[in-house]
There are 2 protein chains.
Amino acid sequence: MLKADSWEQGVQTLLAQSRICFLSTRGKQGPETSMAPYALHGGNILLHLSGLAKHFSNIKTSPYIGLMICTPETAGESPLGLPRLSLQGVVAPVSDGLLERAKAVYLARLPDAEPLFAFADFRLFQFEPEHIHWVGGFGKARTVSLAQWRKLVGCS
Amino acid sequence: MLKADSWEQGVQTLLAQSRICFLSTRGKQGPETSMAPYALHGGNILLHLSGLAKHFSNIKTSPYIGLMICTPETAGESPLGLPRLSLQGVVAPVSDGLLERAKAVYLARLPDAEPLFAFADFRLFQFEPEHIHWVGGFGKARTVSLAQWRKLVGCS
């Protein structure tokens, strides 16, 4: 059992609550930010990206990217210290042998995305985190080890 | 008057609704994503950043950054096509002569941030967009010219 006010519980609440992430990719002129829905798969993060989007070509050239998952903003609350995860790591296409399983995991989390799998330009990627930083609020930040991460997302 | 379903109205609704943005900065190992509250000031975007945060040192080295403003995710709605703006441009400290005015504009939008101005490590920056891309939903994307942007945010 995790304590209700622990950082571990904070990470799990965030991951349960938010289904989108923000990518930081290396573009021709400099860093670019984009949004993508995501699903956890083991310790990795699945992304279903369109070949028409700029992040797709950026990733092909520079697969080491930044990824943020942030507590959704609400009108009534202060937006200053929203709990959030900032990750860095390498993104790569899901290999053919793992595709069916990964697709099922992705669609279990994001059933509305099913029609997009009929488009030839979309491809399923997996992001493997190397560095993970947690900000639980103002002045509450910490590095999360890969072992801690794997335990939190239930794959150790 | 803008049409209620126009892309211009979509941009204005987003800017009224969301008070946070996601930065893409160039870190030592690669692109990094972070979150910051923002306020519009003319055609620029004000950011109040802590010198203890990684994006602060990243910006000092590489002031050309990416910035995204995204419609907040809600539990009941599909997260796939959330309307969003992706901008790229240069970020720089607000000059001394403009500081009081910029601080007033920032605090009018984010009154909770007032105590942070007492911390010596925080500094007010302004981001000046050079490229602006609008995604209004699935398949609804367009480039926004700087003239269009300035008109939309009421400074032309």
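# Reading a two-chain predicted model

Analyst: In chain A, 63% of the contacts with a separation of 6 or more are between residues 24 or more positions apart. The model is predicted, and that applies to each feature below.

User: Which helices and strands should I look for in chain A, and in what order?

Analyst: A chain can be read as a list of elements before any details are added. Chain A has four helices and seven strands. Along the sequence they follow the pattern α-β-β-β-α-β-β-α-β-β-α.

User: How do I read the overall dimensions of chain A?

Analyst: Start with the extents, then turn to the radius of gyration. The C-alpha trace of chain A spans about 45 × 35 × 30 Å along its principal axes. A compact globule of 156 residues would have a radius of gyration near 15 Å, so the 16 Å of chain A agrees with that expectation. As for burial, 38% of the 156 residues in chain A are buried.

User: What relates chain A to chain B?

Analyst: For two copies, look at the movement that places one on the other. Here a rotation of 180°, with 0.0 Å of shift along its axis, superposes chain A on chain B with an RMSD of 0.0 Å. The two copies are therefore related as by a two-fold rotation axis. The same surface serves both copies, since 100% of the contact residues of chain A recur in chain B.

User: How many residues does each chain give to the contact, and which elements of chain A take part?

Analyst: The size of an interface is often given as the accessible area lost when the parts come together. A residue count is another way to describe this one: 33 residues come from chain A and 33 residues from chain B. On the side of chain A that touches chain B, the elements giving two or more residues are strand 1 (20-26), strand 2 (31-41), strand 4 (64-70) and strand 5 (84-93) of chain A. The residues on that side divide into 15 nonpolar, 12 polar and six charged.

User: Which residues have the most contacts inside the largest nonpolar core?

Analyst: A core is read by its total and by its best-connected members. The largest nonpolar core has 67 residues, and those with the most contacts inside it are A:Cys21, A:Leu47, A:Met68, B:Cys21, B:Leu47 and B:Met68. Strand 6 (residues 122-137) of chain A gives the largest share of this core, six residues.

User: Taking B:Cys21 from that group, what is it in contact with?

Analyst: Neighbours within four places in sequence are left aside here. B:Cys21 is then in contact with B:Ala36, B:Tyr38, B:Leu67, B:Met68 and B:Ile69. B:Ala36, in strand 2 of chain B, is also the bridge partner of B:Cys21.

User: How do strand 1 and strand 2 of chain B pair?

Analyst: For a pair of strands, note the direction, the bridges and any turn. Strand 1 (residues 20-26) and strand 2 of chain B are antiparallel and pair over seven bridges. They form a hairpin with four residues between the strands, and B:Gly30 in the turn has a positive phi of about 160°. Of the 11 residues in strand 2 (residues 31-41) of chain B, 10 are buried.

User: What joins strand 2 of chain B to strand 3?

Analyst: Four bridges join strand 2 to strand 3 (residues 44-50) of chain B, and the two run antiparallel. B:Leu40 has B:Ile45 as its bridge partner in strand 3 of chain B. This hairpin has two residues between its strands, with B:Gly42 in the turn at a positive phi of about 65°.

User: Which strands of chain B pair with strand 6?

Analyst: Take the partners in turn.
- Strand 3 of chain B runs antiparallel to strand 6 (residues 122-137) and is joined to it by six bridges. Here B:Leu47 stands opposite B:Phe125.
- Strand 5 (residues 84-93) of chain B is also antiparallel to strand 6, with 10 bridges. B:Val90 has B:Glu128 as its bridge partner.
- Strand 7 (residues 140-144) of chain B pairs with strand 6 in the antiparallel sense over five bridges. In the hairpin they form, B:Gly139 takes a positive phi near 75°.

User: Is B:Cys155 buried or exposed?

Analyst: Burial is judged by counting C-beta atoms around a residue, and 12 or fewer within 10 Å counts as exposed. B:Cys155 has 12 others within 10 Å, so it is exposed. B:Cys155 is found in the segment after helix 4 (146-152) of chain B. Apart from residues up to four places away in sequence, B:Cys155 touches B:Gly42, B:Gly43 and B:Arg150. B:Gly43 is 112 residues from B:Cys155 along the chain, yet their C-alpha atoms are separated by 6.5 Å.

Technical notes:
Residues numbered from 1 in each chain as written. Chains lettered and ligands numbered in written order. Predicted model: local features only at pLDDT ≥ 70, side-chain atom pairs only at ≥ 80, totals over all residues. Contact = placed C-beta atoms within 7 Å. Nonpolar A, V, L, I, M, F, W, Y, C, P; charged D, E, K, R; others polar. Least-squares fit on C-alpha atoms with pLDDT ≥ 70 in both. Core = buried A, V, L, I, M, F, W, Y, C linked by C-beta atoms within 7 Å. Buried ≥ 20, exposed ≤ 12 C-beta atoms within 10 Å, placed from the backbone. Pairing = 2+ DSSP bridges. Rg over C-alpha atoms; globule rule 2.2 N^0.38 Å.
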